[in-house]
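Colleague: I have a model here that I would like to talk through with you. Could we go over its charged side chains and its overall build?

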Amino acid sequence: MIFFEEALARLSSIRTGGPGQVVALPESLEELLVVLERIRAGTLPSPARFIGNASNILFPDGGLMGTIISLKKMDRFQFRPDGLIEADAGAFLPRIAFHAARQGRGGLGFLSGIPGTVGGGIVMNAGTTTGEMSDILCEVRLAWPDGRTFSVSRDDLLFSYRTSEFQNEDLSGNSSRWRGCVIIGAVLESIPGESSHLLEEWEILRRKRSEIQPLDKPSLGSVFRNPPDDFAGRLIESSGWKGARRGAIEVSPRHANFFVNTGGGLSRDFRSLLEDVRNAVFRENGVWLETEVEIVPEESPATV
Ligand SMILES: Cc1cc2nc3c(=O)[nH]c(=O)nc-3n(C[C@H](O)[C@H](O)[C@H](O)COP(=O)(O)OP(=O)(O)OC[C@H]3O[C@@H](n4cnc5c(N)ncnc54)[C@H](O)[C@@H]3O)c2cc1C
């Protein structure tokens, strides 16, 4: 499926962002390779930007030029008899965890409340206090912009807290060696477990999250990474910014590290609130918070 001038707000989990010049939603690897081929041939605009469920990206209000390729419709996964799971890049993490629990495959419970895809989860090394993507990853499958596909073993990749070398800069701050590549799938590990216990764990985690997180309103999850030995939410709250608003964007009264869209919010209000909160935390506590969400700047072309 290809859309022209599609509102990026419709793709983003915080529901902000202007039009994408072209938005492509391939449903298979073959369709993805055709989109890449058309970009190379110039019949779709470059540059290309790859997204999953856009649950960690703030799109600019002015929109984005180029072709934004969402992989969320490439969402198949299957369980192998040896306990490994083969997943397409767009497979939804909570869905994988739920089906794994039903099949008596454990070790994936932490994915239950992360509303992202396999590809986005790997790029962000998404996780919780009980596990992260790099713990369960065996292999990543990728494609270069020219359509060549290849696999990389987990052992040849570097990850750290909410960071991977698939981000634009690698872990040393240099341009990533994978720049321009798209993750097309992955092989994940699971461990044997008792299905009823795993489903119970799933339900407990789900309930706990809805008690502490504002899941009834659009957001991007945690805005800032937790600093060592502390919590960004605690620092924001102690700086007096819990419940603060800019336009329709609010520092959630339930969880201060979540900024929620209360209706018709703008990315520029999110960005300006973020800067004010960060400065206030620095003034009050001497801690400079690093963002976890990816902020795409206004008027910047998408990058390959
Ligand atoms: C309510 C809520 C709760 C959340 N809870 C958590 C949590 O507990 N833990 C946590 O870690 N995160 C959490 N998040 C944040 C988010 O869900 C994760 O970061 C998730 O991994 C992002 O996946 P995504 O598919 O939405 O990626 P996107 O937001 O679409 O993309 C993230 C990055 O990955 C890149 N990318 C995506 N797919 C591909 C691909 N196939 N190939 C190459 N690059 C790609 C994008 O360009 C971007 O740089 C939460 C978010 C929300 C809204």
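Colleague: Glad to start with a single residue: is Glu-30 buried or exposed?

Modeller: First, a word on the basis: this is a predicted model, where local features need pLDDT of at least 70, side-chain atom pairs count only at pLDDT 80 or more, and totals for chains, interfaces and linings use all residues. Residues are numbered from 1 along each chain as its sequence is written, and side-chain values use heavy atoms, with hydrogens and water left out. Buried means under 20% relative accessible area, exposed over 50%, and partly exposed in between (1.4 Å probe, protein chains only). Because its relative accessibility is 56%, Glu-30 counts as exposed.

Colleague: Thanks! Which helix does Glu-30 lie in?

Modeller: Helices are DSSP runs of H or I with at least four residues, strands are E runs of at least two, and both are numbered from the N terminus. The run from 29 to 41 takes in Glu-30, and this is helix H1.

Colleague: And how many helices and strands does the protein have?

Modeller: The same DSSP runs are counted over the protein. They come to seven helices and 21 strands.

Colleague: Now for the pairs: how far apart are the closest N and O atoms of Glu-294 and Arg-49?

Modeller: Side chains of opposite charge can pair when their charged atoms come close. A salt bridge here is a side-chain nitrogen of Lys or Arg within 4 Å of a carboxyl oxygen of Asp or Glu. Glu-294 and Arg-49 form one, with the closest N and O atoms at 3.1 Å.

Colleague: What does the pair tie together?

Modeller: Arg-49 is buried at 9% relative accessibility, while Glu-294 is partly exposed at 31%. Glu-294 lies in strand E21 (residues 294–295) and Arg-49 in strand E3 (residues 48–51), so the pair ties together parts that are 245 residues apart in sequence.

Colleague: Which residues are linked with Arg-80 in a network of salt bridges?

Modeller: One link is Glu-86 with Arg-80, at 2.9 Å from N to O. Arg-80 is partly exposed at 24%, and Glu-86 is partly exposed at 21%. Linked with Arg-80 in the network are Asp-82, Glu-86, Glu-139 and Arg-141.

Colleague: Last one, on overall build: what radius of gyration does the protein have?

Modeller: The radius is taken over C-alpha atoms, and the globule rule is 2.2 Å times the number of residues to the power 0.38. For 304 residues, a compact globule would be near 19 Å, and the protein agrees, with 19 Å.
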